[in-house]
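Thanks, everyone. Let me put the model up, and then I'll talk you through it.

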Amino acid sequence: MNSIILKGRAKINLTLDVVGKRENGYHDLQMIMQSISLYDTLYIRKIKAQGVRLSSNYAWLPTNEKNIAYRAAELFFEETGIQGGVAIEITKRIPVGAGLAGGSTDAAATLIGLNKLFGTKLTKASLMEIGLKLGADVPFCILKGTALAEGIGEELTPLSPMPYVPLVIVKPPFSVSTAAVYKNLDYKSLEKHPNTPQMIKHIENGNIQAIANEMVNVLETVTIPMHPVIEEIKAKLMKEGALGAMMSGSGSAVFGIFETKEAAVRAANYFKMNCNYREVYITSTYANGLNRKDTEEK
Ligand SMILES: C[C@@](CO)(OP(=O)(O)O)[C@H](O)COP(=O)(O)OP(=O)(O)OC[C@H]1O[C@@H](n2ccc(N)nc2=O)[C@H](O)[C@@H]1O
Ligand SMILES: Nc1ncnc2c1ncn2[C@@H]1O[C@H](COP(=O)(O)OP(=O)(O)O)[C@@H](O)[C@H]1O
């Protein structure tokens with residue numbers, strides 16, 4: 001095998017709670033993560049030269065070690081002792097700095113892809129362990145599906161799949177730095193926390209309206225005062241028929257859960273035509289391993 005094409009799926013957080021802070025500044029979390037159908041494509045091929053070459057459809061995206069997929073490939077070679085070379089072409093569709101794990105999922109796809117390309121047969125668990133060295137969200141992006149994430153985001157418990165729901169994602173024209181949001185969070189003063197066990201029950205029961213009602217993300221208390229337009233987008237999504245709307249991760253993207261694809265399309269059109277937002281996506285939840293394959297080997 002000389003090349004491979006992979007899909008790196010984005011994620012949303014159905015709940016996000018901060019329950020502690022560690023000495024190294026990282027926060028202890030309890031959150032429910034959900035893969036969505038929106039994806040970046042990675043085309044990875046072996047090259048004769050040693051090392052990593054990276055390119056993407058966004059001219060401004062770093063192509064050196066500042067790109068997390070580049071670092072993932074370097075780390076793979078380091079961990080396996082393989083002296084190889086690869087070219088990675090990323091077609092980005094996931095908005096950047098949006099709280100949708102766009103970078104983390106590219107890193108996850110790179111590790112999965114190189115494991116296949118070089119026949120290293122690392123288990124999913126070992127790939128997730130390597131992934132954690134790159135970022136707290138990377139292990140989930142390797143696992144995919146619906147999961148409870150604890151620790152700093154790496155202690156994952158798979159949950160029963162969230163039912164299929166259409167989603168509309170609106171990303172306002174600015175990005176948010178995850179590090180800055182956590183830095184400005186005083187988790188001890190949080191007044192409202194999600195009820196995570198209750199959310200798990202709603203997911204098990206497949207009750208979409210109950211899931212929508214139960215969504216809470218404590219990072220909104222930091223990001224929304226910085227960018228009040230996020231609250232406006234949430235309100236507009238609800239007015240346009242969403243069953244529930246919330247900011248994903250540390251922001252800036254907001255997602256709305258809809259009952260039907262038609263309702264999602266109507267709401268997305270409203271945002272595109274009346275609000276002048278250019279980054280509006282119609283997508284859906286993604287259940288891991290069900291009928292769809294995220295890799296194509298050549
Ligand atoms: C908020 C979340 C929710 O899913 O997602 P995003 O908004 O990034 O998508 C995650 O916790 C983000 O995960 P990820 O983006 O992989 O984080 P990392 O690169 O490891 O860390 C970025 C910065 O966030 C802070 N950080 C991250 C994770 C964590 N549990 N506590 C933290 O305090 C640290 O200051 C770190 O320097
Ligand atoms: N492959 C990549 N895709 C997207 N962003 C990347 C990538 N590699 C590095 N970055 C950098 O990571 C930052 C935010 O990444 P992203 O993962 O999109 O945000 P979030 O963690 O909010 O989902 C940006 O500053 C971007 O330049």
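I'll go through confidence, the strands, two helices and the ligand shell.

First, what you are looking at. This is a predicted model. The chain averages a pLDDT of 96. Of the residues, 99% score at least 70. For the complex, the predictor gives an ipTM of 0.95 and a pTM of 0.96.

Start with strand 2. How many bridges does it form with strand 1? There are 16, and the pairing is antiparallel. To get the register, take Val18: its bridge partner in strand 2 is Leu29. The hairpin of these two strands has five residues between them. Look at Gly25 there, which takes a positive phi near 95°.

Strand 2 has other partners too. It runs antiparallel to strand 4, residues 85-91, with six bridges joining the two. Arg45 stands opposite Ala87 of strand 4. Strand 2 also runs antiparallel to strand 5, and here four bridges join them. For that pair, use Gln34, whose bridge partner in strand 5 is Thr146.

Now helix 6, residues 196-205. Which of its residues are buried? They are Thr196, Met199, His202 and Ile203. Look down the helix axis. These buried residues fall within an arc of 115°, so they line one face of helix 6. What covers them? The cover includes strand 1 (3-21), strand 2 (27-46), strand 5 (146-150) and helix 7 (208-214). So much for the inside. Turned away from the buried side is a face that carries Pro197, Glu204 and Asn205, which are exposed. Just after helix 6 comes Gly206, with a positive phi of about 70°.

Next, the open sheet of four strands. Its order is 9-10-7-11, and the pairing is antiparallel. Strand 9 (244-247) and strand 11 (279-284) are the edges, each pairing on one side only. From one strand to the next, the twist averages 20°.

Inside that sheet, take strand 7, residues 166-171, and strand 10, residues 254-257. Four bridges join this antiparallel pair. One register point here is Ile169, whose bridge partner in strand 10 is Phe255.

What lies across these strands? Helix 10, residues 261-274, lies across strand 7, strand 10 and strand 11. It runs at about 15° to strand 7.

One residue in helix 10 is worth a stop: Glu262. Is Glu262 buried or exposed? Its C-beta has 11 neighbours inside 10 Å, and a residue with 12 or fewer is exposed, so Glu262 counts as exposed. For a sense of scale, compare Glu262 with Thr157. They are 105 residues apart in sequence, and 33 Å apart in space, C-alpha to C-alpha.

Last, the ligand. Around ligand 1 there are 19 residues. Which of them come nearest? Gly135, Asp137, Tyr182, Gly249 and Ser250 do. Now sort the shell by element. Strand 1, strand 2 and helix 5 (178-183) each supply at least two residues. Helix 5 gives the most, with three.

So strand 2 is a good place to begin when you open the model yourselves. It pairs with strand 1, it is part of the cover over the buried residues of helix 6, and it supplies residues to the shell around ligand 1. That's it from me.

Key
Residues numbered from 1 in each chain as written. Chains lettered and ligands numbered in written order. Predicted model: local features only at pLDDT ≥ 70, side-chain atom pairs only at ≥ 80, totals over all residues. Pairing = 2+ DSSP bridges. Axes fitted to C-alpha atoms, helices over the stretch in contact; angles between N-to-C directions. Contact = placed C-beta atoms within 7 Å. Buried ≥ 20, exposed ≤ 12 C-beta atoms within 10 Å, placed from the backbone. Arc of directions from axis to C-beta. pLDDT = per-residue confidence, 0-100. Near = placed C-beta within 6 Å.
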